[in-house]
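Please take a look at the sequence and the model below. A short report comes after them.

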4 protein chains.
Amino acid sequence: MTIRVEEPVESRHVGQRHLDRLVMLSDGIFAIAITLSAIELKPEQLPGESLWQAWTVPLYVYFLSFLIIGLVWMIHRRIVSHLRDVDGIGTAINLTLLSLVALMPVVIRFALTHGAQRETVQIYGLGLAITYACVAALWGYLAFIAKLAPDVSRHLARAWLYQPLSVSAFSIAVVFGAGRVWVGVAICALVGISLRWLSSRYQRLDTQKA
Amino acid sequence: MTIRVEEPVESRHVGQRHLDRLVMLSDGIFAIAITLSAIELKPEQLPGESLWQAWTVPLYVYFLSFLIIGLVWMIHRRIVSHLRDVDGIGTAINLTLLSLVALMPVVIRFALTHGAQRETVQIYGLGLAITYACVAALWGYLAFIAKLAPDVSRHLARAWLYQPLSVSAFSIAVVFGAGRVWVGVAICALVGISLRWLSSRYQRLDTQKA
Amino acid sequence: MTIRVEEPVESRHVGQRHLDRLVMLSDGIFAIAITLSAIELKPEQLPGESLWQAWTVPLYVYFLSFLIIGLVWMIHRRIVSHLRDVDGIGTAINLTLLSLVALMPVVIRFALTHGAQRETVQIYGLGLAITYACVAALWGYLAFIAKLAPDVSRHLARAWLYQPLSVSAFSIAVVFGAGRVWVGVAICALVGISLRWLSSRYQRLDTQKA
Amino acid sequence: MTIRVEEPVESRHVGQRHLDRLVMLSDGIFAIAITLSAIELKPEQLPGESLWQAWTVPLYVYFLSFLIIGLVWMIHRRIVSHLRDVDGIGTAINLTLLSLVALMPVVIRFALTHGAQRETVQIYGLGLAITYACVAALWGYLAFIAKLAPDVSRHLARAWLYQPLSVSAFSIAVVFGAGRVWVGVAICALVGISLRWLSSRYQRLDTQKA
């Protein structure tokens, strides 16, 4: 163990290593958030209730949350896989996103203990809206400001920006819906549909060119 | 940190990175599920019981579960190590498998607090059956539909498909057995034995050809 | 699986693998410390308090802690990304740093259950001071004693040494401040400002030369 | 994402990937075991006790355990870094070692809640002995039976086998000591000293030849 590595660490190695570690930290946090979401399930069998009934709601919340974290992970994987390296601001936005992902088990525990109250739905929806807005901010910064994903076409980059923003808009519509603010629901739904339409339009434009 | 990486991110890099991250997320979840299974052990010393007696059942459940998760991990490792890359549907099936692996500590906690009741055995067996069916679905899709493992021979691919399916069949036999549905036990055991026979037959065919 | 890898494992491979694994273990512990910090949040709604009020303090403590762990992680990433490999003493210092990072969720839980008492602030500040001192010790050893980062200029290496030391000094100032030892506050603040000045001076010297 | 990776997955890639994943799973479990050990610390301030007194014992147990897991990790890192690939039995022994590492937080929780009783020391010592015996079994199998570390000299391989075995012997001596079986203490200490002597002798022989 006394023989040292002789190859110099070049600047581009440093950039690559920065990206590699961001990916490792991210996957770690995603993995733990998913597993801790499961551990929050503590089904309690009420009298007169079968075991299967006691497990229904917890399992439903768990698989819903798994779907949500899983989708965020898949979008995150797509974003990061097209980067050459990452800078300080991109890392900061990514860490912010991870801080929201790590909160997911807490939101799930809250939802499981407080039931289907109005405020539960609102907190769940708000958490979702902020998370997807953060995903959009990450991609928007990396692709359009820092220009760290030059191998993705302009059209595709826009499609990938509008997609999470539309999820964000739909989530805020749910928050308004739980509060019975129907004007808010209408506006957010409209914004969400427009964003989704824009997203699929740019995706089509990209496919035609390729 | 101002010098940027100049090498373009090619499409095949993206595919490789997608697979790498799937592996990282998977290993993270396997690792946490295993460690959280351990943390659920809370041996309580009843009066008149020695310390060693209090630890016997929890340790037995723990090592059994470790064996089960460990086997799933080894099969998962074998599947993924033969892939060139992975697509969206394969990722989705893999995430479903991970959602089941992440549930394992909850199932163990349930088994530890509810003892050797009939329903405990059934939930344990059902969880096992679904998990191994999901492993089979993952390999079936990747090898036969998406054709992402072209370096594995047809015979070996079939052997690896029937193997987890047979575990699944034997697990359902246990579920039926706990419910005293002896016809179900007989059918499932028969299916399981047939699948295992098929699996070892294809494995032999592969060895002869090589 | 019977075909063995034929390439020999050279000593420099061993060095690289040692560094790789240190990075993996580190990122694992950072990821779990962050996620477990979140899981400690158990907002309780007191009578007459709205749900949003109950979440304010926990979320504030969480994001503050996330910021602190995130900054330590970013400095750690910068240090390790410039290493060619790592030796036994460097590994030991790194493990000590990780043992402090892993304690962060416990400190946060303590802060959340004990409120804004004097001792809470002191423990938080002391934890911070020791952690950043450990970061400085890691870089100081690797860059100046073991000379494992020969690709970083002397000036930059000094700037990176004084930076975490200044954070350490400011944290001790907070500890003294909570204990109302104003002389201690003054001395520590002075030391902290000097270190920060030194750090930015060496960073400037490095930029001029390059 | 429609362009597929074209390079075939060769058998030696499979071997390398198997080893890579074993490393990833191992580091994940080590990282979580360490962090969960910390989370078990729940210092309670008894009346008339200062805050610092309440934290002394928990922190002592934590850092002791961190040292133990850290040492196992460093030996594990050394073993694995000299492997070219890994086979099924090696994986199984490694998983057994991981199952013991994952139990460490449970042992620590037990030690923290049961205090310095005789049985606490015995369980702690026994856990240590089994873990280090498992480390020795891992290296013994990989180096001497499967011959997967051909780049390590025969002498060094023996030194690395006797070293963990000596820790194991000393730990059993502690178990006997807590039970006041002085003959057992004497025998185990003697075995431990002999093993340590053998280990340093082979290490010297290796250095002389190189």
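This report covers a charged patch, one helix residue and the cysteines.

## The model

This is a predicted model. Keep that in mind as you read.

## A positive patch

Four lysines form a positive surface patch. They are Lys42(A), Lys42(B), Lys42(C) and Lys42(D).

Take Lys42(A) as an example. Lys42(A) sits in a loop of chain A. That loop runs between helix 1 (11-39) and helix 2 (51-81). Lys42(A) counts as exposed because its relative accessibility is 53%, and the cut-off for exposed is over 50%.

## A residue in helix 6

Ala186(D) belongs to helix 6 of chain D, which spans residues 182-209. Its relative accessible area is 45%, so Ala186(D) is partly exposed.

Now compare sequence with space. Ala186(D) and Ile93(D) are 93 residues apart in sequence. Their C-alpha atoms lie 30 Å apart.

## Cysteines without disulfides

A disulfide is a covalent bond between the sulfur atoms of two cysteines. How many disulfides does a search of the whole structure find? The search finds zero over all chains.

Cys134(C) is in no disulfide. The nearest cysteine sulfur belongs to Cys188(C), and it is 19 Å away. Seen from the other side, the closest cysteine sulfur to that of Cys188(C) is in Cys134(C). Why is there no bond between them? The 19 Å gap is too far, because a disulfide needs the two sulfur atoms within 2.5 Å.

Are these cysteines buried or exposed? Cys134(C) is buried, with a relative accessible area of 10%. Cys188(C) is buried too, at 11%. Buried means under 20%.

Note on methods: Residues are numbered from 1 along each chain as its sequence is written. Chains are lettered from A and ligands numbered from 1 in the order in which they are written. This is a predicted model: local features need pLDDT of at least 70, side-chain atom pairs count only at pLDDT 80 or more; totals for chains, interfaces and linings use all residues. Side-chain values use heavy atoms; hydrogens and water are left out. Patches are made of residues with over 30% relative accessible area and no salt bridge: like charges are joined within 9 Å, nonpolar side chains (Val, Leu, Ile, Met, Phe, Trp, Tyr) within 5 Å. Accessible areas come from the Shrake-Rupley method with a 1.4 Å probe; for residues, only the protein chains shown count as cover. A salt bridge is a side-chain nitrogen of Lys or Arg within 4 Å of a carboxyl oxygen of Asp or Glu. Lys and Arg count as positive and Asp and Glu as negative; His and the chain ends are not counted. The place of a charge is taken as NZ of Lys, CZ of Arg, CG of Asp or CD of Glu. Helices (H or I, at least four residues) and strands (E, at least two) are DSSP runs, numbered from the N terminus. Buried means under 20% relative accessible area, exposed over 50%, partly exposed in between (1.4 Å probe, protein chains only).
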